[in-house]
Amino acid sequence: MYEAPGDIIFRIGPILFIVAFAIIFGIIIFAVIKGISTWSSNNDAPKLTVRAKVVTKRTSIHGGGETRAYNHYYITFEVDSGDRMEFHVKDLEYGQLIEGDIGDLQFQGTRYLGFTRIR
C-alpha cells in the first residue's frame, strides 16, 4: 500500500511533540532541583567572615534586542591563602567596590553576604 509523505508526518508528529515536551519539561525540572539543592547546601554551610581583597569585577548581560537586557554583576575576591572566590552581587555593591579594596568578606557557601572595607 502506498503512503503519501504527508501521512508519515501525521503519524510521527504526535510522537515528536511528546518527545519535545518531555525534553523541555525535564530541563525545567532539572533547573528547579539544582536551584533547590544549591539553596539548601548554602543554608547548611556556616557563615564565614574572612580577610579578602577585591581582585576583579565583571558583568554579564542577558537579553537585549527585542527584549529587556539584564545585567548580572560579579566580584572576585582573593583570601589570605591565595584562593579566589567569585560571587554574584547586587548592582549597588558592585558600584561601591573597586579592585584593590581590602576588607572582611562575609559569605555562606556560594551566597555572598557582604563586604566591609578596611580603610
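Two residues are in contact when they have heavy atoms within 4.5 Å of each other. With that in mind, let us walk through this predicted model.

**Leu48 and its surroundings**

Leu48 sits in strand S1. Setting aside neighbours within four places in sequence, Leu48 is in contact with Leu105, Gln106 and Phe107. Leu48 counts as partly exposed because its relative accessible area is 37%, and partly exposed residues lie between the 20% and 50% limits. From Leu48 to Gly26 there are 22 residues in sequence and 35 Å in space, C-alpha to C-alpha.

**The nonpolar core**

In soluble globular proteins, nonpolar side chains tend to be buried together. Here, the largest nonpolar core has 14 residues, and Phe77, Leu105 and Tyr112 touch the most other members. At least two residues of this core come from each of the strands below.

| Strand | Residues |
|---|---|
| S1 | 47–63 |
| S2 | 69–79 |
| S3 | 84–89 |
| S4 | 102–108 |
| S5 | 111–117 |

Strand S2 gives the most to this core, with four residues. Which residues does Phe77 touch, not counting those up to four places away in sequence? Among them are Ala52, Val54, Met85, Phe87, Leu97, Leu105, Tyr112 and Phe115.

**A nonpolar patch on the surface**

Now for helix H1, which spans residues 5–44 and holds Phe17. Phe17 counts as exposed because its relative accessibility is 59%, and the limit for exposed is over 50%. Together with Ile18, Phe21, Phe25, Ile29 and Ile33, Phe17 makes a nonpolar surface patch of about 670 Å².

Terms used:
Residues are numbered from 1 along each chain as its sequence is written. This is a predicted model: local features need pLDDT of at least 70, side-chain atom pairs count only at pLDDT 80 or more; totals for chains, interfaces and linings use all residues. Side-chain values use heavy atoms; hydrogens and water are left out. A nonpolar core is a set of buried Ala, Val, Leu, Ile, Met, Phe, Trp, Tyr and Cys residues joined through side-chain atoms within 4.5 Å. Buried means under 20% relative accessible area, exposed over 50%, partly exposed in between (1.4 Å probe, protein chains only). Patches are made of residues with over 30% relative accessible area and no salt bridge: like charges are joined within 9 Å, nonpolar side chains (Val, Leu, Ile, Met, Phe, Trp, Tyr) within 5 Å. Accessible areas come from the Shrake-Rupley method with a 1.4 Å probe; for residues, only the protein chains shown count as cover. A salt bridge is a side-chain nitrogen of Lys or Arg within 4 Å of a carboxyl oxygen of Asp or Glu.
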